[in-house]
Amino acid sequence: LRRGAPPVAAPRRGRHVQGAGGPRAALQVSQGQQPRRQEDEGGGRCASAGRPRPQLSPQGDASLPHLEATVRRALPVLVRSTAPNLPPRLRVGLVLVEGTDWVRHRRVVNPAFAMDKLKTMTTTMVSCAEPLIKEWERLASSNESREVEVEFSKLFQDLTADIISHTGFGSSYKQGKEVFHTQRQLLALAVATLLNVQLPGLKYLPTKNNRLKWMLDKKIKTMLMAIIQPRLASNGGGYGDDLLGLMLEACLTTEQGEKGDELTLTLTMDEIIDECKTFFFAGHETTSRLLTWTMFLLSVYPEWQERLREEVLRERGKENPTADMLNKFKEMTMVLLETLRLYTPVMVMLRKPISDIRLGSLSIPKGNGIAIPIPFLHRDKEVWGDNANDFDPLRFENGITNAAKTPQALLSFSIGPRSCIGQNFAMLEAKSVMAMILKKFSFTLSSSYVHAPADHITLQPKFGLPIVLRPLDV
Ligand code: HEM
């Protein structure tokens, strides 16, 4: 993963010649609308204090042709680089570890996402959605119009938080939810202060914001320890079949030496805590966005809404969906993939080459940031055909690899060894929730909806997603 790129000479003056120069490196170091300051990868150093790092941020047609085909091929030789301004306490777990640490983490976390384990979690996903369905039915029946308007953007955020709390922490889901709630506060604080000028050392000073961040951080750690410690103490009885239990099992089997030479796979307590935080950061908002945009597209394309409803009812009638049944939903899978293509929740992947490399006609020196703009690549007519901007789930009829001119064109979950570990989890979750809604309601966009997709770390409808639900039995 890290060694693939043969070193090539790094042209010192080449960037402008290659049409990728942008402004000269200064406080503002990238071409696009990047934040005003950039921290160094190690955390804490900013452009004004340390060496500015140029970032290649292809935007629009001018620079895209250089990168289109080659970016995908280059992904394996680039290492992940973090959002430059993300505070260290939010850079956690598997998403951000590198090298042998990554191998160790990924092996421990992998078993928790095995399909047979996920299947048992489907029941939990369905039962988290069930009370909402009942509540909407009740509200609709009490309205004269027999309809109910629901704001789905916020609702899906709460629902996916509920699902990840239950599937992540089982019977400790209430404490899990509290952890996630605190993480959300920490994230909101980080985002609110993202563009503040950072002076070196400022993060160590007991400012009001810093004290609040430290307090929240400590609270998260204490709460997670309170969930993890009793599990560890109860060895012999198993650690639970939720994500945490499965991870502890993978971790501790190796620690007890059952596999002898694999002792290095063990995670420390701090690392386990980091992985628990990762479940939430990586898995909750992204999945809620997938659900949000699917709901939006099905409202706009009623013929597809009807096709999916028929598929759901054909397989299982009015019964709750099971994992095996969800895996059979071909048209639902096609619609979800098309939603991921048009409204990818993660908009940018940040990478840096570990040695000087060539990307098509561009030479990129080692360590320079590359922002890979997924929405541009997902709407490229060269790759997806002339209807690249249209909603056409049929393009996925013969699977992902045959949907475009290049086999790995869909980048929503990334590709290669560092691709999303939670993609099957996310797809099962989205299918469970959509099946529950489709079998009970038909729905349309509310007249108050305003179409304004906005990039707030993930892609979300700026003014929410108000939808009018009508129970099918009425
Ligand atoms: C629709 C939902 C999701 C989308 C669109 C998504 C997208 C992505 C993408 C694009 C990456 C690669 C990021 C990069 O290379 O910079 C990634 C990695 C990752 N995702 Fe997801 N994700 C989703 C759901 C989930 C869920 C449900 C979980 C866990 C509960 C999860 C956990 C992770 C982890 C741990 C990684 C890092 C993997 C590694 O580096 O080995 N994701 N995801």
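Select Asp-455 and Leu-459: Asp-455 stands opposite Leu-459 in β10. The model you are looking at is predicted. Now show both strands, β9 (residues 453–456) and β10 (residues 458–461). They pair in the antiparallel sense over four bridges. One residue sits between the two strands of this hairpin. Click on Ile-457 and check its backbone, where phi is positive, near 70°.

Stay on β10 and turn on its side chains. Which residues point one way, and which the other? Thr-458 and Gln-460 go one way, while Leu-459 and Pro-461 go the other. All of them are buried.

**Next stop: a three-stranded sheet**

Select β3, β11 and β8. They form an open sheet in the order β3-β11-β8, with antiparallel pairing. Look at the edges, where β3 (148–151) and β8 (441–445) stand. Each has a single partner strand, so one side of each is left without a neighbour in the sheet. Turn the view to see the twist, which averages 35° from one strand to the next.

What holds strands like these together? Strands of a sheet pair through backbone hydrogen bonds, either parallel or antiparallel.

Zoom in on β3 and strand β11 (residues 466–471). Four bridges join the two strands, which run antiparallel. Pick Val-150 and look across: Ile-467 in β11 stands opposite. Now add helix α4 (residues 115–142), which packs on the sheet. This helix touches β3, β8 and β11. The direction of α4 makes about 140° with that of β3.

**Next stop: the ligand**

Select the ligand and find its iron atom. Which protein atom is the donor to the iron? It is the SG atom of Cys-420, 2.3 Å away, and this is the single donor from the protein. Cys-420 is in the loop between α14 (381–384) and α15 (423–438).

Now show the residues around the ligand. There are 28 of them, and the closest are Trp-102, Arg-106, Arg-351, Arg-418 and Cys-420. Step through three arginines and check the polar contacts:

- Arg-106: an N or O atom of the side chain is 2.6 Å from an oxygen atom of the ligand.
- Arg-351: a polar side-chain atom lies 2.7 Å from a ligand oxygen.
- Arg-418: a polar side-chain atom lies 2.8 Å from a ligand oxygen.

Colour the shell by element of structure. α3 (99–109), α9 (269–300), β4 (348–353) and α15 each supply at least two residues. Which element gives the largest share of the shell? That is α9, with seven residues.

**Next stop: His-105**

Go to helix α3 and select His-105. Is this residue buried or exposed? His-105 counts as buried, because its relative accessibility is 2%, and the cut-off is under 20%. Leave aside its neighbours within four places in sequence, and show the contacts that remain. They are Leu-94, Val-97, Leu-267, Glu-271 and Glu-275.

**Last stop: Arg-341**

Select Arg-341 in helix α12 (residues 330–342). With 0% relative accessibility, Arg-341 counts as buried. What does its side chain reach? Follow the side chain of Arg-341 to the backbone oxygen of His-378, at 2.8 Å.

Then show the other contacts, again without neighbours within four places in sequence. Besides His-378, Arg-341 is in contact with residues including Arg-379, Trp-384, Asn-387 and Ala-388. Asp-390, Arg-395, Phe-396, Leu-410 and Ser-412 are also among its contacts.

Terms used
Residues numbered from 1 in each chain as written. Predicted model: local features only at pLDDT ≥ 70, side-chain atom pairs only at ≥ 80, totals over all residues. Heavy atoms only, no water. Buried < 20%, exposed > 50% of the residue type's maximum accessible area, 1.4 Å probe, protein only. Polar contact = N/O pair within 3.5 Å; in protein donor to acceptor, adjacent residues only side chain to side chain. Contact = heavy atoms within 4.5 Å. Donors = N, O, S within 2.8 Å, 3.2 Å for Na, K, Ca; no water. Pairing = 2+ DSSP bridges. Axes fitted to C-alpha atoms, helices over the stretch in contact; angles between N-to-C directions. Near = heavy atom within 4 Å.
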